[in-house]
Amino acid sequence: MKKIILLICMGAIFSSTLAQTKITLNTDLAKTTINKHIYGHFAEHLGKCIYGGIYVGEGNPKIPNTAGVRNDIIQALRDLKVPNLRWPGGCFADTYQWKDGIGPKANRPKMVNVWWGGVTEDNSFGTHDFLDLCERIGAEPYLAGNVGSGSVKDLTDWVTYVNHPGGSPMSELRKQNGREKPWSVKMWGVGNEAWGCGGNMTAEYYANIYRQYATFMTDWDNTSKLYRIASGASDGDYVWTETLMKNIPHKMLAGVALHHYSVLSWTEKGPSVGFSEAHYFKTMSEAYLMEEFVKGHSTIMDKYDPEKRIALIVDEWGGWYNVEPGTNPGFLYQQNTMRDAMIAGMTLNIFNNHADRVRGANLAQIVNVLQSVILTNEEKMLLTPTYHVMKMYNVHQEAKLVPLNIESPTYEFQGKSLPAVSVSASKDASGALNISLTNIDYRKPHQVSINLRGEEFSKISGRILASATISDHNTFDQPNKVNVKDFADTKLEKGVVTLTLPAYSVLVLKLAK
C-alpha cells in the first residue's frame, strides 16, 4: 500500500514537471502585416508629461535640449522607434485652443488645465513644438481635435494650418510663424471619449457630430490624405461601436478608437509598488480582458465592414494605480515595475495576433504619467521596464504575422486562473523569425516547446527582461536595476525550440536560417 502511494506521488511530481506550454508556428503562412502604429505612444498635457518632462524650456542651462525638448528623451524615443505620438490629449484635447499655442511665446495667453491638477500653463509648448518633436524622433503625429468645446471651424483651421501648402490664410499664418513647408499630418482624432470628458454625448449624437466635422476636414493632395479616427468605446461598450459603424459613412471613417485600462477599481487603484499577489492577479485579469474586448469590437466591425477596411485603434491602454505618495493626485505619476512589463508583453501579443483589425494603439503615457516608458526628475532620466518591453517588441513592426496555436498552463490564484504564457510571432523582411513570449505567472517558471512548421531555421538568439521580484523597478539612484539581458538557455533541434521561461519575464527570440 505504501509503495502504491509513493508511486502515485512520484507520478504526480513527474507529470507536473512535464507540464509545459506547447506552441506551433506555421512559419510559411505569414501574410498579415503587423502595423507599426500598434506601437504608438501618447503625450497629454497632464502632470509632468509635457512641462517638466519632455519640455524643459528653451535655453535651460541645466538640461541639454533642442528647442526646449530634452536631448536624452529625443534619443531614447528614436531608439524606441516610436511610430506615432498622440497629442495633446486625452481629456485635455477637448479644452485645448490650438491657436493659443502658436506665434511668439511671449505673446501666448495662459490657460488653466481644468482636467489635470488645476495648474496654469503658459502655452509655450504648442503645435510647432510638438510637430517638430515628431520629426526629430521619426514619429508620425496623431493630433486629437477639440470637438467637446471647440467648433468645426477651429478644427478645420488647424488642419489647414498644418497641412495646406500655401495661399490660404492659415497656411500663410504658419509661414509667418516660421514654418514654410506643411507637416502633412495624416492621423486625426475627431474628439476624445465623447461618451465622457469629451462631451457626455450619446453614441447617436456623436455619430452625427463626427459626420459634420469629418465633412469639413479636407484633403488637398494625396501626400496629406487624412486618416480620421472616431472617438470610440470604453471597455466592453459594444453598443457604442455598433452605433458608429452603422451610422457613419465608411468613406468618412478610417478608424474607430477603443480605451481600456488595467485598473483594480476606479475608487481604489492600489499601489504601483509593494502590491500584493491579489493586486497583481486582478491587474493581470484586467489586462487580459483586452483579448475579449478586441474580439468583441472586431466582431461588430466585421458585421458592417467584412473587408476590414476600418481599423480598430486602441489609443489608450496601460496600467493605472494610485499616484506616488506625496505627489499631486491630478498628475497621475506612478512607478513602473515588472508588473507593468507583464501588462505590456501580454497586451502587445494580443494586438499582434489581431493585426488584421487592430492597426494602431497608444500606450498611456510616454513620460511621467501612468504606465510611462520614461521617468524624469530634474536633470535625471530613466527608462522603465515598459520601455524595455516596447523596444524588445519593435522587431514586429511592419513584419508579417505568423499564425500559431498555443496550449498554455494556467496561473492560478484563489480559485481563479489565467493563461500563464502568451506569445506572438512574425517574419521580418530578411526572413528572420521573431517570437515574443510573456510569462505572467507570479510564482512558477514554465517549460516551453515551440514546433516550427513550414521552414527550417539553424540559428537562434534571445533577449530577456526578468528580475528578482515582481515589484522591482528602476530608480534615479539605480536606473539599470531592471534591464534586458542576453538569453542563451534555448535548444533548437529538428525544428523544435525548447526553453524554460522564468516567472514574470518577457523573452524575444530571433531565429535565422
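**Strands, a disulfide and salt bridges in a predicted model**

In this predicted model, strand S22 and strand S26 (residues 496–501) run antiparallel and are joined by six bridges. One pairing that anchors the eye here is that of asparagine 451, whose bridge partner in S26 is valine 496. Strand S22 (residues 446–453) also pairs with strand S1 (residues 20–26), this time in the parallel sense and over seven bridges. Within that pairing, glutamine 20 has glutamine 447 of S22 as its bridge partner. Strands of a sheet pair through backbone hydrogen bonds, and both the parallel and the antiparallel arrangement are possible.

A second place to look is an open sheet of six strands, in which the pairing is antiparallel and the order reads S16-S20-S21-S27-S23-S24. Strand S16 (400–401) and strand S24 (484–486) stand at its edges; each has a single partner strand, so one side of each is left without a neighbour in the sheet. Further in, strand S20 (residues 421–427) and strand S21 (residues 433–439) run antiparallel and are joined by seven bridges. Serine 426, for instance, finds its bridge partner in S21 at asparagine 434. Helix H9 (residues 338–353) lies across S16, S20, S21, strand S23 (459–465) and strand S27 (505–512), and its direction makes an angle of about 50 degrees with S20.

Another helix, H10 (residues 385–393), is mostly covered, with eight of its nine residues buried. Among the buried residues of H10 are Pro385, Tyr387, His388 and Tyr393.

The cysteines come next. The structure holds one disulfide, which joins cysteine 91 to cysteine 197 with an S to S distance of 2.2 Å. The link is left-handed, with -90 degrees about the S-S bond. It connects distant parts of the chain, 106 residues apart: cysteine 91 sits in the loop between strand S5 (84–87) and strand S6 (111–112), while cysteine 197 sits in the loop between strand S9 (187–190) and helix H6 (203–216). Cysteine 91 is buried at a relative accessible area of 11%, and cysteine 197 also counts as buried, at 18%. Cysteine 49, by contrast, is in no disulfide. Why does the sulfur of cysteine 134 not bond to that of cysteine 49? The sulfur of cysteine 134 has its closest cysteine sulfur in cysteine 49, but the 12 Å between them is too far for a bond. Cysteine 49 is buried, with a relative accessible area of 0%, and cysteine 134 counts as buried at 1%.

Charged side chains complete the picture. A search of the whole structure finds 26 salt bridges. In one of them, glutamate 172 and lysine 175 meet at 3.5 Å, N to O. Both residues lie in helix H5 (residues 169–176), three residues apart, which is about one turn of the helix. An α-helix has 3.6 residues a turn, so residues three or four places apart point the same way. Glutamate 172 is partly exposed at 32% relative accessibility, as is lysine 175 at 24%. Lysine 175 also meets the side chain of glutamate 180 in a salt bridge (3.6 Å, N to O), and glutamate 180 is exposed, with a relative accessible area of 51%. Elsewhere, glutamate 493 and lysine 491 form a salt bridge at 3.9 Å, N to O. Glutamate 493 is partly exposed at 46% relative accessibility, and lysine 491 is partly exposed at 46%. Finally, a network of salt bridges links Asp302, Asp305, Lys308, Asp356 and Arg357.

Methods
Residues are numbered from 1 along each chain as its sequence is written. This is a predicted model: local features need pLDDT of at least 70, side-chain atom pairs count only at pLDDT 80 or more; totals for chains, interfaces and linings use all residues. Side-chain values use heavy atoms; hydrogens and water are left out. Two strands pair if DSSP finds at least two bridges between them. Helices (H or I, at least four residues) and strands (E, at least two) are DSSP runs, numbered from the N terminus. Contact means heavy atoms within 4.5 Å. Axes are lines fitted to C-alpha atoms, for helices over the stretch in contact, and angles run from 0 to 180 degrees between N-to-C directions. A disulfide is a pair of cysteine sulfur atoms within 2.5 Å. Buried means under 20% relative accessible area, exposed over 50%, partly exposed in between (1.4 Å probe, protein chains only). A salt bridge is a side-chain nitrogen of Lys or Arg within 4 Å of a carboxyl oxygen of Asp or Glu.
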